[in-house]
Amino acid sequence: MSVELDVFVGNTTIMDEEVYQFWLDGYTVNDAVKVRMEGGVLEECEASAEVLRSDTMDQYRTFQMCERLLHSPAKLANQLLFQIPPHRQAMLIERYYTFDGVFVREVLGKKLSKGTKKDLDDVSAKTGVTLKSCRRQFDNFKRVFKVVEELKGPLVENIRQHFLLSDKLARDYAAIVFFANNRFETGKKKLHYLTFQDFAFCAGQLIIVHCNHSRVLMRPALIGKEFLQDLKELKILITDKDLLDQHKSLVCTALRGKTKAFNEMEANFKNLSRGLVNIAAKLTNTKDVRDFFIDLVEKFIEPCRSDKWTAGDMRLYLTHYTNSAHILDTFKHQVVWDRYMGVIKSCILKMYHD
Amino acid sequence: MPGKLKAKIVAGRHLPVMDRASDLTDAFVEVKFGNTTFKTDVYPKSLNPQWNSEWFKFEVDDEDLQDEPLQITVLDHDTYSANDAIGKVYIDIDPLLSSEAATVISGWFPIYDTIHGIRGEINVLVKVDLFNDLNRFRQSSCGVKFFCTTSIPRCYRAALVHGFVEELVVNEDPEYQWIDRIRTPRASNEARQRLISLMSGELQRKIGLKVLEMGGNAVVGYLQCFDLEGESGLVVRAIGTACTLDKLIPGSEIKEPVFSEDPTHPLSVPPTPLRTLPSSSSPPPFSPSKLCSRQSSSSDTDLSLTPKMGMGSGISVGKEAGPLKTLLRQQAQSALEQREFPFFTLTCFPPGFLVHIGGVVSARSVKLLDRIHNPDEPETRDAWWEEIRQEIKSHAKALGCHAVVGYSESTTICEEVCILSASGTAAMLNPRFMREGSVCVYSRFDDASPPSCGFCHIPYDEFNMPFPAQLTYCYHCRRQKVPDVLFTTIDLPAEAAVTGKGCLIQARLCRTKKKAQGEVNATAISNLLPFMEYELHTQLMNKLKLRCMNALFGLRIQISVGENMLLGLASATGVYLSALPAPGGIQIAGKTPSDLSYDQHISTMQKRINDTIAMNKELYNIHPPECIEEVVGSPIPDRQRSRLFRSTSESSDELSELDLSHGKKDAFVLEVCYALLRCLSIYLSLSPGFYSCNTEVMPGIYNWTSGLQMFTSVRVYRLNNANLTNQGLNKIFTDLCENLLKSLYFKLRSMIPCCLCHLNFTVAVPEEELIQVRRHTPKNTSPILFIFPINILVRVKEIKLCVFVCFPGSGENEEQLQFSMELCGESTSSNNQPTAKPSVSSVDYGSFADRCSTWLELLRLKAHTIRRGSVKTTSSSERCSPLPEVRSRSLRSTRSLPCGAPVTVVKMTPLSFLPRTRIVKYLGIINMFFIRETTSLREEGGVSGFLHSFIAEVFAMVRAHVAALGGNAVVSYSMKECVFMENPNKNQAQCLINVSGDAVIFVRESDQEAIPPLITCGQTSTTGADGTT
């Protein structure tokens, strides 16, 4: 005796969130059944493995049928095929678009192309996320990218409206899209210690809010056209010897006695300052943008870390470093400086950890 | 030319891509009614076209209006080749023809294609201008209302119940016409869909005519069936109960004043000496009438009963009223005799309608199908049914009853053999509801509340019983005789007093039979039938006793034929009626008493049985009051026999007489017991919050919530040839049914405590050769690969679930309650998540849990705003319109979804009511037929995937039609037909589904009137424990 056909359809679509998660995680029906059995559902209801399997199959089929709709979440609300209560719809969408931090870390900054998709099996092997799940997540990134690319208006808001995601998730997607568009280098060994959330935060800082086209939006905020020249002007801080010395003495005066790492700060000031200002200058060149994070780590974070600065030291230093520039008489680019340092400071603070 | 049909095509959305090059579609629409077709303009290059067409007007006869559906075809314009069809929408305009139903059809309909399923949606507006036609010889019956509901619809009052109406129409099946060899599958399916739609329209019209002839204005309990007889044709038949219904003005349900001139009234006054029982109800006004009539029933020649006085009953009745009652009875008799068949398809009756119940009557007949030569004169089919109905009628008479209630008919077809079955419950009815031409005063429902035990009293004569039965005095009124068990096909009457809770009881049976052809086959089947029926009844009886119950309601016995087996499935809801005596235990007798170990075995078995009975008593909360055994007639011996409550017939073609005295009971009682114990262990292991029944209402449970979920489940099993013995099959079959139930319980575990109501099983044995989906393949020449395996299709249909946990704040309207309910489920599950997840995989869920909680927060917020919104809407007290819902939706839509308003929530239920809501309007009958076919079975996820999506699509189309009529629920929903055929070798499958129901508008009951209709009866258990309102 074998079951040929086994179907269960409810007027209001019945879904089990646990099974949904298994499905999203790319478990096969057999694996899902195994895990559920270990989870103890059976003892609860004294059901047999057969029952569990049939239930899992039903759920998987439902999800498969829903998947098409989840690709354009707005459709889910006014389609007629499945009657799903609104809060369930929200759950379905939110979870479908939720991604694994480990996975996204691997593809962050890579081009969302077919080539990358082909390499997903490597990523899957490396991260332990099933290939199916990897594909889903990758396709989600790609889909969001494609839709947002064509739209005007603020990036995060566009994502939220189009995919009906929560604010947090929409921001994460904005970051992913932003990284993919600018192809930031994130895979170098030196950057391995950074988590996706670190990058997402930095992306949030780098994305400008007031702009009218996503194509523009998806470039770092500091690359506004009028901005290009101004950023280059910052170079005066390191090229002008007097200015550099003056800046250093101002910072050192302010810092003296306030930190244990003062000596190292003083010794390294010129190198560090050069590093930061050079990064600014480099940002003007679109091709060099992708090295932003690696530069930041190599030129600034690593030296500081080897000198054993604490996070507090870092904050103190950056605050004074930024503020002291205002006192410099010959330095005329205060606005640009503030804007640049504001972004850099918060990025560094976020990235400065083990 | 008495009607003008107007249709307007507004827009489409989510259309499929028809032009690969541009990824777009150039869509236009053809609107067809009868032979007239209109077209819209082509809306180029869009998947969301806005046609906004003019009003297309069709001037048609109302006869056509009733028969024909409006046919809307969406096509893709192609300059160079033929236009491609995207899909179709059939709209039944019948609801628009009655003044009281819907006035306009407007909404989004799924565009359906028989090959691809739903492909986008289309927004349509339909109206009808009807002119009055007073022609006496008209062929139409516009305005007659149809209800699937098998009780008097909730917002109507029955002024007069006229009786049985039936009709059948016959046609050739397009699938078997010669043209089918050359046309495409799509064309063939569409021809079939259209034909069936036409035929059911015609059938309704003809039945409507009969109703008008009888003077009625509505058909209640309308049951329409298809017989797909294959080569010999297609039969669409319907039965129903003609009524004259008066609409109740909503909100003004003032009780009618009692008419004291009613002859029943003085009868109820004289006190009787036995009225010492603590019965709260008024003295029985009807039961004496029966006695009196019996006393003088010598004139009652129609009844084949010997007139006898109820001797030794010791009841003194107001004799002066006797003649009057006799008169009444005779009137009823004659009123019923006038009709050919005093049958009623109703299962639930207005109070006072039902006087006594005799028992289940059923008849089956095996027929050989032949080609229907003249479709206009389907005499043979008519004659077949006539024969069966006559038999039922005579059975009822033998039980001393003049009417049959809860009547239904069904067929099962296997190749050229067809079994016709009819069953019902013999009963005596109150004549007041049937008096034709009499003063309407009598036909009102007055407050002569019948005794809660009246219906249990035997209608037949004590000394001339049609079958052996143990009679006792009613445990409720102590005045009338009652049988020891009662089997019925109707729902539990509202006034019935029950002890404890009810439960689903099933008897399952398989019988092998030799493969045969034609006449031989038919004879073999008809020889097997009586034995099957007997065994099913024995099983039912034993299971009933095991559960310590004494009555079955909603009994439905289904027998299906396969090539080499017969399947019997009887389902019913068992209850303990307080008026009936407590059931005796089950005694096992060994057949070989010499064997010692065997004896031991027997005794352990006996002990187990007794234990289970005791456990069941606890489980179902059956604690009958200890009765003082009275000296009444003969003392009742321990009842260990099973009895069949069915009268016998002599016809050789049908069931032959059964000897029910148990000559050889021992062995098989034992055999049955094994099955029983097994099934009992399953029932017992269930979590206590689960209940199931196949009637509308679960006896003994009264605190329902409005959270309900309807579902359909279909399973097909393939059997191995090795198991083809009677016993092996029985075991398998029982396992299948139980697994299915278990599986349901598991799936619905999150809704505990809940009750599966109207659990309706259907079994079928598809033909052994895997059915060929396309008829282009020659039928008998191709070698059949799977000869041995047999598919057993266990279909469970329209199982409805009521969660009866109470939630606070039931003043909210429908959606909100559901919302809060689901929310509860949500929060618990998310509480579990952090603990449950880590064990699942090593993936980082930190951010996930984070997010989870954020959207939960969001949810809570949303729920909050909605709830606030509901306060506003309820205070505006527009409960009689669906407005509140719309408002709450608009509140919710502040979320700003880009694509228009969200879809109306449409509830579906096989019940005739929605718990804790009030139906304010019936919008018309929904009767739809769909065919779906695929040639890419594997790609669609195999048979399961195919059927899953098809059923989901059917639901979607039903919901869309209801929403377009302005309704928000379907009641009395049922899936009448679900025929599935597959050919995996060709990667093909085909499925036919027929669904029906009543579209309604409901509103949530406000706090004051939150008494669900089911609570009204005086019950032993706590009513309305849900005092949270």
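In this predicted model, the charged end of K481(B) sits over the ring of Y473(B), 5.0 Å from the ring centre. A second charge of this kind belongs to R13(B), which lies over the face of W108(B) at 4.1 Å from the centre of the ring.

Rings also pair with one another. A pair of aromatic rings is described by the distance of the centres and the angle of the planes. Over all chains the count comes to 46 aromatic pairs. One of them joins Y317(A) and Y321(A), a stacked pair with 5.8 Å centre to centre and 10 degrees between the planes. Both tyrosines belong to helix 21 of chain A, residues 311-327, and stand four residues apart, about one turn of the helix. An α-helix has 3.6 residues a turn, so residues three or four places apart point the same way. Y317(A) has 1% relative accessibility and therefore counts as buried, and Y321(A) is buried with a relative accessible area of 0%.

F146(B) and Y222(B) form an edge-to-face pair, with 4.9 Å centre to centre and 75 degrees between the planes. This pair links distant parts of the chain: F146(B) is in strand 9 (residues 145-146) of chain B, Y222(B) is in strand 11 (residues 218-228) of chain B, and 76 residues separate them. F146(B) and Y222(B) are both buried. In chain A, ring pairs also build a cluster, whose members include Y20(A), W23(A), F63(A), Y96(A) and F196(A).

Helix 21 of chain A can be followed further. The helix has 17 residues and reaches 25 Å from its first C-alpha to its last, close to the 24 Å expected at 1.5 Å a residue. Besides the two tyrosines, its buried residues include D313(A), M314(A), L318(A), H320(A) and A325(A). The buried residues of helix 21 pack against helix 17 (241-255), helix 18 (262-283), helix 20 (292-306) and helix 22 (334-351) of chain A.

From helix 22 of chain A comes K345(A), which counts as partly exposed because its relative accessibility is 23%. Leaving aside residues up to four places away in sequence, K345(A) touches L318(A) and T319(A). The C-alpha atoms of K345(A) and R315(A) are separated by 8.0 Å, although the two residues are 30 apart along the chain.

A contact between the chains is found at N78(A), a residue of helix 5 (residues 73-78) of chain A. N78(A) is buried, with a relative accessible area of 2%. Its side chain makes a polar contact of 3.1 Å with the side chain of H14(B).

In chain B, S200(B) lies in helix 2 (residues 185-214) and counts as buried because its relative accessibility is 8%. A polar atom of the S200(B) side chain lies 3.2 Å from the backbone oxygen of S197(B). Not counting residues up to four places away in sequence, S200(B) touches Q224(B) and N927(B).

Strand 5 of chain B covers residues 70-76; seven of its seven residues are buried, so the strand is largely enclosed by the rest of the structure. In a regular strand the side chains alternate between the two faces of the sheet. Here L70(B), I72(B), V74(B) and D76(B) point one way, Q71(B), T73(B) and L75(B) point the other way, and all are buried. Strand 5 pairs with strand 2 (residues 27-33) of chain B in the antiparallel sense over six bridges, and D76(B) is the bridge partner of A27(B). Seven bridges join strand 5 to strand 6 (residues 84-91) of chain B, again antiparallel. Here T73(B) has K88(B) as its bridge partner.

Another sheet of chain B is open and consists of four strands in the order 18-20-21-19, with mixed pairing. Strand 18 (486-487) and strand 19 (498-512) stand at the edges, each with a single partner strand, so one side of each is left without a neighbour in the sheet. Strand 20 (residues 551-561) and strand 21 (residues 565-577) of chain B run antiparallel and are joined by nine bridges. L552(B) stands opposite G574(B) of strand 21.

Notes. Residues numbered from 1 in each chain as written. Chains lettered and ligands numbered in written order. Predicted model: local features only at pLDDT ≥ 70, side-chain atom pairs only at ≥ 80, totals over all residues. Heavy atoms only, no water. Phe/Tyr/Trp six-rings, centres within 6.5 Å; stacked < 30°, edge-to-face > 60°. Buried < 20%, exposed > 50% of the residue type's maximum accessible area, 1.4 Å probe, protein only. Lys NZ or Arg CZ within 6 Å of the ring centre and 35° of its normal. Expected span 1.5 Å × (residues − 1). Contact = heavy atoms within 4.5 Å. Polar contact = N/O pair within 3.5 Å; in protein donor to acceptor, adjacent residues only side chain to side chain. Pairing = 2+ DSSP bridges.
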